[in-house]
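Please look through the structure shown here before reading on. The report then takes up selected residues and the parts of the chain they belong to.

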Amino acid sequence: MADAPIVVALLLVAVAATAAVAVRDPARQALVLAVLGLALAVLFTVLQAPDVALSQLAVGSALTPLLILLSVRKVRRRGRHQDGGR
C-alpha cells in the first residue's frame with residue numbers, strides 16, 4: 001500500500017494545477033500557485049526527494065507567488081495613476 005500516498009499527492013497536484021489554470025484573477029492565481037508549490041513539495045517528499053521538496057517549498061510556494069503578487073500590485077498601481085492623470 002505504499003502507492004496510496006503517491007496517488008493522493010498526484011491527485012493533489014492535479015487539482016491544484018487545474019485550479020491555477022481555471023482562476024482568472026492574477027492575484028488569486030498567485031495564491032493558487034503557492035498551493036500548487038506546496039502540493040509539489042508534498043509529492044517530492046513522498047517520492048523521497050527531501051532536498052528537491054525544500055527547494056520547491058522555498059521557490060515554488062514562497063518566492064514565485066510573492067514576485068507575481070508584487071508585480072500585479074505594481075501594474076495595478078501604475079494603471080490607476082495613468083487613469084487618474086487624464
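## Report on selected residues

Leu10 counts as partly exposed, because its relative accessibility is 45%. The model discussed here is predicted. Leu10 is found in helix α1. Leu10 and Leu70 are 60 residues apart in sequence, and their C-alpha atoms are 29 Å apart in space.

Val13 also belongs to helix α1. With a relative accessible area of 14%, Val13 is buried, since buried means under 20%. Val13 and Gly79 are 66 residues apart along the chain, and 34 Å separates their C-alpha atoms.

**The salt bridge**

How many salt bridges does the structure hold? It holds one salt bridge. Side chains of opposite charge can pair when their charged atoms come close. In this model Arg76 forms a salt bridge with Asp25, and the closest N and O atoms are 2.7 Å apart. The pair links distant parts of the chain, with Arg76 in helix α3 and Asp25 in the loop between α1 (3-22) and α2. In sequence, Arg76 and Asp25 are 51 residues apart. Arg76 is partly exposed, with a relative accessible area of 39%. Asp25 counts as partly exposed too, at 28% relative accessibility.

**Surface patches**

A nonpolar surface patch of about 440 Å² is made by Leu12, Leu38, Val42, Leu54 and Leu57. Helices α2 (26-46) and α3 are the elements that give two or more residues to this nonpolar patch. One of the patch residues, Leu57, has its place in helix α3. Leu57 is partly exposed, with a relative accessible area of 38%. That value fits its place in the patch, because patches are made of residues with over 30% relative accessible area.

A positive surface patch is formed by Arg73, Lys74, Arg77, Arg78 and Arg80. Arg80 has its place in helix α3, which covers residues 50-84. Is Arg80 buried or exposed? Arg80 is exposed, because its relative accessible area is 61% and exposed means over 50%.

**Ser61 and Gln48**

Ser61 is found in helix α3. Its relative accessible area is 17%, so Ser61 is buried. A polar atom of the Ser61 side chain lies 3.4 Å from the backbone oxygen of Gly37.

Where does Gln48 lie? Gln48 lies in the loop between α2 and α3. Its phi is near 60 degrees, which is a positive value in a residue other than glycine. Gln48 counts as exposed, because its relative accessibility is 71%.

**Accessibility values**

The table lists several of the residues discussed above.

| Residue | Relative accessible area | Class |
|---|---|---|
| Val13 | 14% | buried |
| Ser61 | 17% | buried |
| Asp25 | 28% | partly exposed |
| Leu57 | 38% | partly exposed |
| Arg76 | 39% | partly exposed |
| Leu10 | 45% | partly exposed |
| Arg80 | 61% | exposed |
| Gln48 | 71% | exposed |

The two partners of the salt bridge, Arg76 and Asp25, are listed as partly exposed. Helix α3 is the place of Arg80, of Leu57 and of Ser61. Among these residues of helix α3, Arg80 is exposed, Leu57 is partly exposed and Ser61 is buried.

Technical notes. Residues are numbered from 1 along each chain as its sequence is written. This is a predicted model: local features need pLDDT of at least 70, side-chain atom pairs count only at pLDDT 80 or more; totals for chains, interfaces and linings use all residues. Side-chain values use heavy atoms; hydrogens and water are left out. Patches are made of residues with over 30% relative accessible area and no salt bridge: like charges are joined within 9 Å, nonpolar side chains (Val, Leu, Ile, Met, Phe, Trp, Tyr) within 5 Å. Accessible areas come from the Shrake-Rupley method with a 1.4 Å probe; for residues, only the protein chains shown count as cover. A salt bridge is a side-chain nitrogen of Lys or Arg within 4 Å of a carboxyl oxygen of Asp or Glu. Lys and Arg count as positive and Asp and Glu as negative; His and the chain ends are not counted. The place of a charge is taken as NZ of Lys, CZ of Arg, CG of Asp or CD of Glu. Helices (H or I, at least four residues) and strands (E, at least two) are DSSP runs, numbered from the N terminus. Buried means under 20% relative accessible area, exposed over 50%, partly exposed in between (1.4 Å probe, protein chains only). A polar contact is a pair of N or O atoms within 3.5 Å; within protein, one must be able to donate a hydrogen and the other to accept it, and residues adjacent in sequence count only if both atoms are side-chain atoms.
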